[in-house]
Amino acid sequence: MRQRSTGTRLGVAAAVCLSVIAAACGSDNKSSGTTPATTGGAATTAAASAETTAATTAETTAETVAETAAPTTEAAAETFKVPTDNCPADATQPLAAGAPIKIGFIGPQTGPLAAFGVIGQGMKIYFDKINKEQGGVDGHQIELVTKDDAYDPSKSAPAVQEAIEGDKIFASVFQVGTPNVAGTRQLYADACVPQALVGTGFPAWGDPKNFPWTTGGIPSYTVEAKVWVQFIKQKFPDAKKVAILSFNNDFGKTYKTTLDQALPAAGYTIVADVAHEATSDLSNEVTQLLAGGPDVIIGGTTSTFCTNLMTLARQGGFTGPIINSYTCQSIQQFMVPAGEAAANVFTLVVAKDPSDPAYADDPAVKQYIADVGTYGPGIDPKVGNVFTGYNAGFFTLDALTRAAKMDGGLTRANLMNAFWSFNLEGPIAIGGIGHVDGIKDAYIAEYGVMSEYDPAGQTYKVADGVKIDVEGQGGIYGG
């Protein structure tokens with residue numbers, strides 16, 4: 001689907017996943033480098049090499065694709081098939097007649113990043129709608145199983161084990177946190193339980209050869225950082241000095257590592273490179289950023305830390321552009337609280353925000369708001385991450401529906417194959433096709449627009465933004 005905007009196109013690196021807008025970043029892990037931490041014996045040493053492969057692949061840039069094939073709800077003609085030779089027998093056995101389809105959501109309900117826990121609310125709303133209006137899928141009701149790991153990777157493995165072994169989940173959808181996903185994906189692989197559409201942009205999640213039971217669901221942080229550098233060159237040609245704030249975890253370190261290489265290579269001087277902890281209010285960190293006299297500030301952080309960055313930088317007299325991680329896109333959660341401090345702030349917008357007046361008449365947004373009213377009384381439909389969960393439910397339903405029609409019926413293996421074979425438009429996406437086949441394309445969608453936020457209108461100026469479209473160019477196929 002073509003974006004309605006006539007914004008300037010930008011060639012970008014090719015390992016991006018631009019489908020769903022959740023803020024699923026790292027945890028409070030302080031491990032060095034960008035390799036995700038591991039827990040509970042679920043080591044993922046392939047992550048570091050996969051990131052290197054992704055970065056190498058990303059060096060090849062491509063012009064924006066002008067047209068995209070019309071979407072369908074059918075799988076691509078040729079798609080990846082998950083291997084099952086080493087799986088437990090129940091991985092290829094159909095779900096018992098009338099048994100519920102248990103979908104796990106492992107994410108923070110408590111802790112400093114609990115704002116992302118509402119993703120589960122959105123998923124439940126969508127599943128309740130399908131159960132009531134369509135009778136579920138193939139005679140099965142969809143049941144959401146939520147586990148709180150507080151964004152702490154040491155708690156993720158026990159939560160996942162409980163979900164797999166105790167709750168007998170059929171699949172996990174949108175698990176959040178880079179080290180959280182990395183530290184548990186071997187658990188899913190060993191049990192042959194889908195770890196699908198994970199809510200983290202670490203560049204190793206599109207690796208069907210090494211980890212066929214895990215698929216990514218949100219933008220690649222590595223490519224996003226490369227996009228920022230190109231955007232600064234185009235939008236602010238007089239800028240010379242850049243200050244970087246990053247979360248001191250694997251999420252933030254992915255941004256930092258990329259920017260530390262890409263900015264000097266593009267001719268910029270990094271005048272401040274500051275990391276923050278999960279317990280910080282950012283006062284000292286922003287003081288350090290401003291002391292460098294930057295022309296541009298980049299925030300490789302998330303949640304309310306983005307709000308604090310904007311507020312404190314403006315209080316300190318900085319009036320220049322601030323670039324936020326796309327994980328901070330939610331208007332009501334992170335932008336409105338900053339007020340006028342959010343002026344001259346830019347974000348890679350990948351999804352419709354239900355509070356953005358630009359989408360007031362959008363049919364998908366109107367349907368979502370109506371569904372929240374019906375199936376989620378008391379839940380605020382204007383919170384962007386609720387819409388994120390609703391969108392994840394939409395993609396999960398599509399995968400379940402197609403899996404039920406495959407030879408052998410609704411099995412976990414067939415569902416994983418369905419998660420590797422999307423080709424449709426999501427209700428939340430601002431453009432592009434949700435496509436993945438695991439053979440030529442290992443990321444579900446690759447589209448977004450670098451946009452300026454307008455505090456007065458509480459809207460993103462998407463129509464004036466810079467369009468990013470690298471559909472079909474993402475994925476890691478390492479040995």
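The protein contains 13 helices and 17 strands (DSSP runs, helices being H or I of at least four residues and strands E of at least two, numbered from the N terminus). This is a predicted model, in which local features need pLDDT of at least 70, side-chain atom pairs count only at pLDDT 80 or more, and totals for chains, interfaces and linings use all residues. Residues are numbered from 1 along each chain as its sequence is written, and side-chain values use heavy atoms, with hydrogens and water left out.

Select first the five strands of the open sheet, whose order is S4-S3-S5-S6-S7 with parallel pairing (two strands pair if DSSP finds at least two bridges between them). At its edges lie S4 (142-148) and S7 (214-216), each paired on one side only.

Next, select strand S3 (residues 101-107) and strand S5 (residues 171-173), which are joined in the parallel sense by two bridges. Gly104 has Ser172 as its bridge partner in S5.

Now add helix H2 (residues 118-134), which lies across S3, S4 and S5 and runs at about 165° to S4 (axes are lines fitted to C-alpha atoms, for helices over the stretch in contact; angles run from 0 to 180 degrees between N-to-C directions).

Then display Met123. Among the residues that Met123 touches are Ile103, Phe105, Leu144 and Tyr390, not counting residues up to four places away in sequence (contact means heavy atoms within 4.5 Å).

Finally, select the largest nonpolar core, of 121 residues; Met123, Phe174 and Leu197 are among those with the most contacts inside it. Such a core is a set of buried Ala, Val, Leu, Ile, Met, Phe, Trp, Tyr and Cys residues joined through side-chain atoms within 4.5 Å, where buried means under 20% relative accessible area with a 1.4 Å probe, protein chains only.

Note on methods: Buried < 20%, exposed > 50% of the residue type's maximum accessible area, 1.4 Å probe, protein only.
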